[in-house]
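Student: Could you take me through one part of this model up close? I'd like to start at a single contact with a ligand and work outwards from there.

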Amino acid sequence: AHCPVYTASKHGVLGFTRSLAEASRLGNYGIRINALCPSFVNTAILDTINHEENLGNFYQFKDGVKNLIKVFGVLEPSVIADGFVQLLEDDSLNGAVMKITTTKGVHFENY
Ligand SMILES: NC(=O)c1ccc[n+]([C@@H]2O[C@H](COP(=O)([O-])OP(=O)(O)OC[C@H]3O[C@@H](n4cnc5c(N)ncnc54)[C@H](O)[C@@H]3O)[C@@H](O)[C@H]2O)c1
Ligand SMILES: CCCCC[C@H](O)/C=C/C=C\C/C=C\C/C=C\CCCC(=O)O
């Protein structure tokens, strides 16, 4: 919430996804467009939190992020892969926003 450009970019991706999905449906593009939004995942990107050169001004918030990771936990990449396969296999999904968290697992945000 305290990183406005990051937050705006995430909202932008969802708006882009949903609008493009509708354009694809109306224009018979023959492709589906969905978004997959995980919470923290066990990949190399999490280590960037320890490097001031990666975070710049946001380095001051690193302890807050570490606390969020401690509270909410970290997902294994295989869980994200399973969600991705579900998006691939379910032909009814277009413009969907799949969220994956440690507390709720795979679920969808409905607008
Ligand atoms: N890991 C998480 O906790 C998490 C959570 C939510 C969303 N995400 C998002 O998932 C995506 C993948 O992240 P990840 O966790 O797999 O990170 P990662 O650091 O493991 O992988 C990122 C990959 O992107 C590549 N890359 C970086 N810049 C590039 C460029 N300009 N052109 C081509 N490739 C480039 C890197 O070489 C690396 O292989 C990112 O957009 C990240 O923001 C990650
Ligand atoms: C320095 C770490 C870089 C990772 C950036 C990447 O976009 C990761 C984002 C991961 C989660 C989003 C951040 C905060 C959300 C906080 C908690 C998630 C709630 C999970 C739940 O409800 O169980």
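Tutor: Sure, let's begin at threonine 103, where a polar side-chain atom lies 2.5 Å from an oxygen atom of ligand 2. Keep in mind as you look that this is a predicted model. Tyrosine 6 also reaches ligand 2: one of its polar side-chain atoms lies 2.5 Å from an oxygen atom of the ligand. If you turn the view around ligand 2, you'll find Tyr6, Ser39, Phe40, Thr48, Ile49, Phe72, Thr101 and Thr103 surrounding it. On its own, ligand 2 would expose 640 Å², and the protein buries 69% of that.

Two of those names, Ser39 and Phe40, turn up again at the other ligand. Around ligand 1 sit Pro38, Ser39, Phe40, Val41, Thr43, Ala44, Ile45 and Leu46. Threonine 43 puts a polar side-chain atom 2.5 Å from an oxygen atom of ligand 1. Valine 41 does it with its backbone instead, where an N or O atom lies 2.7 Å from an oxygen atom of that ligand. Taken alone, ligand 1 exposes 830 Å², of which the protein buries 31%.

Now step back to the strands. The protein chain has four helices and three strands, and from the N terminus on they come in the order α-β-α-α-α-β-β. Follow β2, since it pairs with two partners. It runs parallel to β1, with four bridges joining them, and antiparallel to β3, again with four bridges. β2 and β3 make a hairpin, with three residues between them. To see individual pairings, find cysteine 37, which stands opposite lysine 99 in β2, and then isoleucine 100, whose bridge partner in β3 is valine 106. How enclosed is β2? Four of its five residues are buried, so the rest of the structure largely encloses it.

Stay with lysine 99 for a moment, because at 29% relative accessibility it counts as partly exposed. Its side chain forms a salt bridge with glutamate 109, the closest N and O atoms being 2.9 Å apart. That pair links distant parts of the chain: lysine 99 is in strand β2 and glutamate 109 is in the segment after β3 (105–108), 10 residues apart. Glutamate 109 is partly exposed as well, with a relative accessible area of 33%.

What makes a pairing like that possible? Side chains of opposite charge can pair when their charged atoms come close. A search of the whole structure finds four salt bridges, and it's worth visiting a couple more. Aspartate 91 and arginine 32 meet in one, at 3.8 Å from N to O. Here the partners are 59 residues apart: aspartate 91 sits in the loop between α4 (77–89) and β2 (97–101), while arginine 32 sits in the loop between α1 (4–27) and β1 (35–38). Aspartate 91 is exposed, with a relative accessible area of 62%, and arginine 32 is partly exposed at 30%.

Another salt bridge joins aspartate 63 to lysine 62, with the closest N and O atoms 3.6 Å apart. Compare how open the two partners are: aspartate 63 is exposed, with a relative accessible area of 52%, whereas lysine 62 has 19% and is buried, because buried means under 20%.

Go back to the loop between α1 and β1, where you'll also find tyrosine 29. Together with Phe16, Leu20 and Ile31, Tyr29 forms a nonpolar patch on the surface, and the four have about 430 Å² of accessible area together.

Helix α1 also holds lysine 10, a partly exposed residue with a relative accessible area of 44%. Use lysine 10 to get a feel for distance: its C-alpha atom is separated by 25 Å from that of glutamate 89, which is 79 residues away along the chain. For the whole protein chain, the C-alpha trace spans about 45 × 25 × 25 Å along its principal axes. Of its 111 residues, 21% count as buried.

So that's the route, starting from threonine 103 and its contact with ligand 2.

Conventions
Residues are numbered from 1 along each chain as its sequence is written. Chains are lettered from A and ligands numbered from 1 in the order in which they are written. This is a predicted model: local features need pLDDT of at least 70, side-chain atom pairs count only at pLDDT 80 or more; totals for chains, interfaces and linings use all residues. Side-chain values use heavy atoms; hydrogens and water are left out. Helices (H or I, at least four residues) and strands (E, at least two) are DSSP runs, numbered from the N terminus. Buried means under 20% relative accessible area, exposed over 50%, partly exposed in between (1.4 Å probe, protein chains only). Patches are made of residues with over 30% relative accessible area and no salt bridge: like charges are joined within 9 Å, nonpolar side chains (Val, Leu, Ile, Met, Phe, Trp, Tyr) within 5 Å. Accessible areas come from the Shrake-Rupley method with a 1.4 Å probe; for residues, only the protein chains shown count as cover. Two strands pair if DSSP finds at least two bridges between them. A residue is near a molecule or strand if one of its heavy atoms lies within 4 Å of it. A polar contact is a pair of N or O atoms within 3.5 Å; within protein, one must be able to donate a hydrogen and the other to accept it, and residues adjacent in sequence count only if both atoms are side-chain atoms.
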